Amino acid sequence: MPASEERRAGRALIWNGLQKILSKALYLLGTLVLGRLLTPQDFGLVAIAAVAVTTAMGATETGMTTAIVQSSVRDEGNYELAWTVNVLRGAIVCLALMLLAPLIARLFDDPHAVGPIRLLALVPLIASLASPRLANLIRELNFGKLAMIGIGTVVVELGVSIALAQSLGGIAIIVGKIAGALMLTGSSYIIAPHRPRFRLRHAAGQHLIAFGRWIFAIAILGVTSDLILKVLISTRLGVASLGLFSLADKLAETPNQLANEAVGTVAMPLYVQLREDKVRLTAALRSHVTALMCFLLPATALLIALALPLEQHVLGPAWAGTSPIVVLLAIGYLFELLFQAVAPLLTATGAVPRLFMVDVLQYIVLIGSMALFSGPFGLVAAGIARILASLVVVIAGVAVAPPIFAPIAAPLTRSGLILSALAAAAGAAAWFTAQAIPNAAGVVCGAGVGAVIFLGAAWMCDMALKIGIRECLGAFFPMLAPKPS
């Protein structure tokens, strides 16, 4: 069947989008509930433990799953090697964090972090035992089964965290993550059966290791930068400021992260299958950028418009000063829109070294700006640093993009400007609604009103101004394609 990859990608987008949107909505709701039950100090301690674990995991990232998805080779030895390497990695990370917890806590100048770090160290060990054949579902664009696991994991994690919050404090969040990891690992063997076999065979997975080393380099660069950034905030501004930044960053990054996980996760395996067909690859890339604009622009506008009402009516007085940080961080993440399309394209075509160079520039600017501005501007410096780093990312990302990216960039500029105007109108409507309706209900209604206004206006303008929304969606969902005139 012609263009079957695009049709399967359409189904994958629905399932993956459903999972990510529902998961992020649950996480956002859970974070807000936990924000009411816990204190910035609690969030700060959890943030210290989380950055320790993510740094250790990034420092040992093997890139095996991405390599299996990107590779055209299917060999039993590859799965055995991937599972063995992942288990060894999880065990080493767990043991190292258990031993180094006092040193890490001292680095953040808070001895109370030792217990949370050691408890959270169990998560990578549990997660490392998952079935390596989950990679097959990603490559084959079979995201329906993955969605079931993902949603179930989030429900278990947040349910446990909220249920135990009042009795355990911040530790409840970590216990929830352990429960979620157990759910994910157990479910993986149900939907992607695999007989675990401990075997290290370099020859069987030599091509996986060659590709994975660049994924490793990118991962270690990212977590090291995150560690340095959070150490700067904790030591210069205090653990409470780290907790405030952690919550603000989680809120601000949600649209960008959701777009990358919902669309980018499907785009990479699709690009792998279309990399020899330049015409279809270009069309898929154009659709990817259009989809990102249709989601990121209104989502960011709504987040900016509702940041202050969220702080006042949902989070409460303990989180005063969060909204300006959320706004600045959200603007910074929005600037990375084009790079969100370039990154999976570079990964699918094997040009991962270019991604590494872009990330080097990004983190130099991010850390340098934070160190420079944290003195005079306090925590606001984190938002300024993110904006500057994101500008560097988009400029460098476009510069290293494959040649097929340039022809689509200019035509999409007009569509981007129209969608930006519509997003701004939706944000204004959300703000007025939140002012008219008191308390948290105003925030919820504002988000709903803004979303409806944007969707309706975008659909009507697409017909009148030919933005290209239906044309791009039509490649994946034929029923949405514009009828020939």
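**Exercise 1. How many residues of the lining of the second largest pocket are nonpolar, how many polar and how many charged?**

Before starting: this is a predicted model, where local features need pLDDT of at least 70, side-chain atom pairs count only at pLDDT 80 or more, and totals for chains, interfaces and linings use all residues. Residues are numbered from 1 along each chain as its sequence is written, and side-chain values use heavy atoms, with hydrogens and water left out.

*Solution.*
- Step 1. Fix the terms. A pocket is an open set of points on a 1 Å grid over the protein atoms alone, where a 1.4 Å probe fits, with protein on both sides within 12 Å along at least five of seven lines; lining residues have an atom within 4 Å of a point.
- Step 2. Sort by class. Ala, Val, Leu, Ile, Met, Phe, Trp, Tyr, Cys and Pro are nonpolar; Asp, Glu, Lys and Arg are charged; the others, Gly among them, are polar.
- Step 3. Count. The lining has 13 nonpolar, 3 polar and no charged residues.

**Exercise 2. Find the helix that gives the most to this lining.**

*Solution.*
- Step 1. Helices are DSSP runs (H or I, at least four residues), numbered from the N terminus.
- Step 2. H12 (278-315), H14 (337-348) and H17 (406-436) each give two or more residues.
- Step 3. H17 gives the most, with 7 residues.

**Exercise 3. Describe how H14 packs on H16 (residues 380-400).**

*Solution.*
- Step 1. Use axes, which are lines fitted to C-alpha atoms over the stretch in contact, with angles from 0 to 180 degrees between N-to-C directions.
- Step 2. The two axes come within 9 Å and cross at roughly 40°.
- Step 3. Therefore H14 is oblique to H16 (not under 35, over 145 or 65 to 115 degrees).
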